[in-house]
Each structure stands twice: as structure tokens, then as C-alpha cells.
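Morning, everyone. I've got a few minutes on one model, so let me put it up on the screen and then talk you through it.

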Amino acid sequence: MSASVKESLQLQLLEMEMLFSMFPNQGEVKLEDVNALTNIKRYLEGTREALPPKIEFVITLQIEEPKVKIDLQVTMPHSYPYVALQLFGRSSELDRHQQLLLNKGLTSYIGTFDPGELCVCAAIQWLQDNSASYFLSRKLVYEPSTQAKPVKNTFLRMWIYSHHIYQQDLRKKILDVGKRLDVTGFCMTGKPGIICVEGFKEHCEEFWHTIRYPNWKHISCKHAESVETEGNGEDLRLFHSFEELLLEAHGDYGLRNDYHMNLGQFLEFLKKHKSEHVFQILFGIESKSADS
């Protein structure tokens, strides 16, 4: 596996060089971790043993007609381009439905690429060539015919792990975003911090990008579950709303807030919501041993 990952990282560096040549001005390509490329080079040279963090960045595109801006948020999984690239386009000039359609179109286009093909530059070109129609009217025709076949959507559930979630402003942001979007789930505050978000794929990905941007680095999506559906997805939900989960804590309540949440209580919470299997994925602990 390490050989294929190294090959993928080499291709990612090549694509980043191409992007910096296309966008040479400072700030046009905004890396979430300014040391990301250096760490990957060190890993490839053998001076760094640990696998470096994924390359994540935002490119602001200027669309000429109409004159608008699109922020393209990109995450390169370690095995990209042999696995799918994570892309999300957003603009303050698009309403939620237009943004949903834009990202569906972009995702569909990127899905035509074969494994091993670099596609960030192609995604940029697609947005420059095709995004204008999504801005032209807020009364888009959603379906070309009333007899059109039902559209299949992807229902997604993401399990997100953070070293800790303490700050009041961050907790408020997570809850506000969760309630604004059509998603359900929970945010367990404390140490560790766990977030579960479920809903249509586009809404979950918007939630994920929004809470992380611009500088939440110690957070990762540990597990994702998806299923295709033609309905509204309500029967697939394990949670009825998006709420903050507060559990008992163990440890020092001093200035550092260095205390751990009661994982036994958390396991019971997961069992009630038919999610016991996620416990081991999140913590690497067999769930049966969490009660001891």
C-alpha cells in the first residue's frame, strides 16, 4: 500500500505545481496547512516517517460572465488520483438549491475520469465553462419534463473525530450550521469531541467544509456510511434533530479543561441509536470492553 500512496503523493505534488503556475499570485491558492507540501516532500524523501496530512486548499475562481466568484474547496485523499477527489464549490451569489445543482454537476463530471487521472485542473475548467447557467436565474427548471424519472440521491452519515471541542464560539458554530442545513445528528463536546452528521450527501459535505474552514486542523472524518435513495431519506435517519450531546466527564476541571468524556455513557448512547459498531472505529476499542 505504501508504494501506491507514495506514487499518489508524487502525482499530487505534480498537480499542485501546475495549479501554482495557473494561479501564481499570492493567496490565490490557499492551503489549509501551509506546511502540507513540505511535509509530503519530506515523507517522499524518507526524512519523515509518519504519513503527512492530506492536502487541503481553496482556490477562488473569477467567473467572467456573470462577474462572480466561486470558492472551490479541495481535499486530496492520500490515494488520489486512484480514489475520488473531494470537491465542493460555493458562492455567496448562489442559493442553497443552485449550489446543490452546481456541485451535483461538478461531481458527475469528475466521476467520468478514470482512476489515476488528475482532475483538479479539469474541475476548474468545468466551473469556468459551465457555472454561469447556475447564476443566471433563481427560478431554475429542476426537471426537463414532468414525466422525468425519480432522481436518486445519496444519503450520507459522517462520523467526525476531534481531539477536543471546548470553545463556546466553536460549539455555537457547529450547532448553528447543523440547524441551518437539512441534517440531523449530534455534537459531543469535551475530550474527545465527536460529531455525527446525516442527511443528503451535498448537505453533509457542506456542513463538513463549513465547520472546518478556515483553520480547524485537528479534526478528521473517521467513517462514512452512504446509501442511494429515491425518497426524502427520513426513514434512514438515526437521529431526529441536530443537538449538542453533554456527558459526564472524568479528570481535571482546571484551566486546561483537560478532562475526558465518559465513553461508557457514549457507548450506551450509540447503542440506543443503532450505532454501536462505530465505537471501535472511533476509538480502536472493542465495544464490549467499554463498560469495564
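I'll start with confidence, then go through the aromatic rings, one helix and one threonine.

So, first off, this is a predicted model. The protein chain averages a pLDDT of 85, and 88% of the residues score at least 70. Where is confidence lowest, and where is it highest? The low end is strand S10, residues 249–251, with a mean of 65, while S6 is at the top with 96. Please also keep an eye on residues 138–146, where pLDDT stays under 50. For that stretch the model has ten contacts beyond four places in sequence.

Okay, aromatics. The count comes to 13 aromatic pairs. One of them is Phe 186 with Phe 266, an edge-to-face pair at 6.0 Å centre to centre, with 65° between the planes. That pair links distant parts of the chain: Phe 186 sits in strand S6, residues 184–188, Phe 266 sits in helix H8, residues 263–272, and the two are 80 residues apart. Are these two rings buried or exposed? Phe 186 counts as buried because its relative accessibility is 2%, and Phe 266 counts as buried because its value is 0%.

Both of them belong to one aromatic cluster, together with Trp 159, Tyr 161, Phe 239, Phe 269, Phe 279 and Phe 283. Tyr 161 also has a charge over its ring: the charged end of Lys 222 sits there, 5.2 Å from the ring centre.

There's another charge-over-ring case, and it takes us to helix H7. The charged end of Arg 212 sits over the ring of Trp 208, 4.4 Å from the centre. H7 covers residues 201–212, so twelve residues by the DSSP run. From first C-alpha to last it reaches 17 Å, close to the 16 Å expected at 1.5 Å a residue. How many of its residues are buried? Ten of the twelve, so the helix is largely enclosed by the rest of the structure. Trp 208 and Arg 212 are both among the buried ones, and so are His 203, Cys 204 and His 209.

Last stop, Thr 154, which is found in strand S5, residues 153–162. Thr 154 has a relative accessible area of 18%, and since the cut-off for buried is under 20%, it counts as buried. Its side chain makes a polar contact with the side chain of Glu 228, at 2.7 Å. Leaving aside neighbours within four places in sequence, Thr 154 is in contact with Gly 199, Phe 200, Lys 201, Ser 226, Val 227 and Glu 228.

That's my tour, so over to you.

Notes:
Residues are numbered from 1 along each chain as its sequence is written. Side-chain values use heavy atoms; hydrogens and water are left out. Rings of Phe, Tyr and Trp (its six-membered ring) pair if their centres lie within 6.5 Å; planes under 30 degrees apart count as stacked, over 60 as edge-to-face and the rest as tilted. Helices (H or I, at least four residues) and strands (E, at least two) are DSSP runs, numbered from the N terminus. Buried means under 20% relative accessible area, exposed over 50%, partly exposed in between (1.4 Å probe, protein chains only). A charge sits over a ring if NZ of Lys or CZ of Arg is within 6 Å of the ring centre and within 35 degrees of the ring normal. pLDDT is the predictor's confidence in each residue, from 0 to 100. Contact means heavy atoms within 4.5 Å. A polar contact is a pair of N or O atoms within 3.5 Å; within protein, one must be able to donate a hydrogen and the other to accept it, and residues adjacent in sequence count only if both atoms are side-chain atoms. The expected span of a helix is 1.5 Å times one less than its number of residues.
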